[in-house]
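Hi,

Here is the structure we talked about handing over. Please open it first, then read the notes below.

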Amino acid sequence: MKLTKILPSSLAAGFCIGLGGAVFLLQTEKLVGAVLFCIGLCTICEMQFHLFTGRVCYALEQPLWCWLQFPVIWIGNWLGAGLAANLLFLTRMGPAARKAAQALVMAKNGDTFLSLFVLGFFCNLFVFIAVEGYKTFPHVLGKYLAIFVGITVFIMSGYEHSVADMFYYFMAGQMDQETLVRLLVITAGNVCGGITAWGARQAGRRAAR
């Protein structure tokens, strides 16, 4: 797929994660918000949009020249998440969402880079479980259970998802240079976690032969 086509698909994916992040922020019960957040990834999988955290898990299956797509996907996700946040802030729900986002990012801002990296690593282990399950499970129920279990667990555990964090920082009005550095650290953790999970899956397949 051409990079010019990947960007709109990536923007749509970032927007979808923003929709999931919005419903999460507006719930008083964290578990309810975590479950409802899954609508974002369900839509992305169904529409085959380009979400960085899902696509990067399979980077080693692709030739090196295809890796040029990943910065484009990341930027598209960033733009989509920002669009969702700025549109939500124009509504009557904007102030409540911003207040919740500010409380959420406060913990991220006070965290160390090592902690953010490790939490990003753990996050994409579960993202891989969700995406791989959706791709490979033969029954529709199993596909969606993979998404709901994988995503709900990483949210309830407090792990760091770079694209969701893009939305939260935009919503909190704190998208600056320092935030971008933190997002890149989280992204690095997501990349390592996703590739590690993919590698473990490949090793399991070879052992089963």
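Residues 180-200 are 100% helix and 0% strand, with 30 Å between the end C-alpha atoms. Keep in mind that this is a predicted model. The span comes from the UniProt record, an unreviewed entry, which lists it as a "transmembrane region". The same label is given there to residues 6-26, 31-52, 72-91, 112-131 and 137-159. For residues 31-52, helix makes up 77% and strand 0%. The end C-alpha atoms of that span are 24 Å apart.

Next, a helix pair. Helix α7 covers residues 113-136, and helix α10 covers residues 177-208. Their axes come within 6 Å and cross at roughly 45 degrees. That angle falls outside the parallel, antiparallel and perpendicular ranges, so α7 and α10 are oblique to each other. The crossing of α7 past α10 is right-handed.

Now the core. The largest nonpolar core holds 55 residues. Ile 151 and Phe 167 have the most contacts inside it. Helix α9, residues 162-172, gives this core its largest share, nine residues. What does Ile 151 contact, leaving aside neighbours within four places in sequence? The partners are Phe 37, Cys 38, Leu 41 and Ala 130.

Last, Leu 36. This residue sits in helix α2, residues 30-37. Its relative accessibility is 37%, between the 20% and 50% cut-offs, so Leu 36 counts as partly exposed. Not counting residues up to four places away in sequence, Leu 36 touches Val 23 and Gln 27. Gly 18 is 18 residues from Leu 36 along the chain, and their C-alpha atoms are 12 Å apart.

Best wishes

Methods. Residues are numbered from 1 along each chain as its sequence is written. This is a predicted model: local features need pLDDT of at least 70, side-chain atom pairs count only at pLDDT 80 or more; totals for chains, interfaces and linings use all residues. Side-chain values use heavy atoms; hydrogens and water are left out. A nonpolar core is a set of buried Ala, Val, Leu, Ile, Met, Phe, Trp, Tyr and Cys residues joined through side-chain atoms within 4.5 Å. Buried means under 20% relative accessible area, exposed over 50%, partly exposed in between (1.4 Å probe, protein chains only). Helices (H or I, at least four residues) and strands (E, at least two) are DSSP runs, numbered from the N terminus. Contact means heavy atoms within 4.5 Å. UniProt positions are given in the numbering used here, feature names are shortened, and annotations may be inferred rather than shown by experiment. Axes are lines fitted to C-alpha atoms, for helices over the stretch in contact, and angles run from 0 to 180 degrees between N-to-C directions. Angles under 35 degrees count as roughly parallel, over 145 as roughly antiparallel, 65 to 115 as roughly perpendicular and the rest as oblique. A crossing is left-handed if the near helix is turned anticlockwise from the far one by less than a right angle, and right-handed if clockwise.
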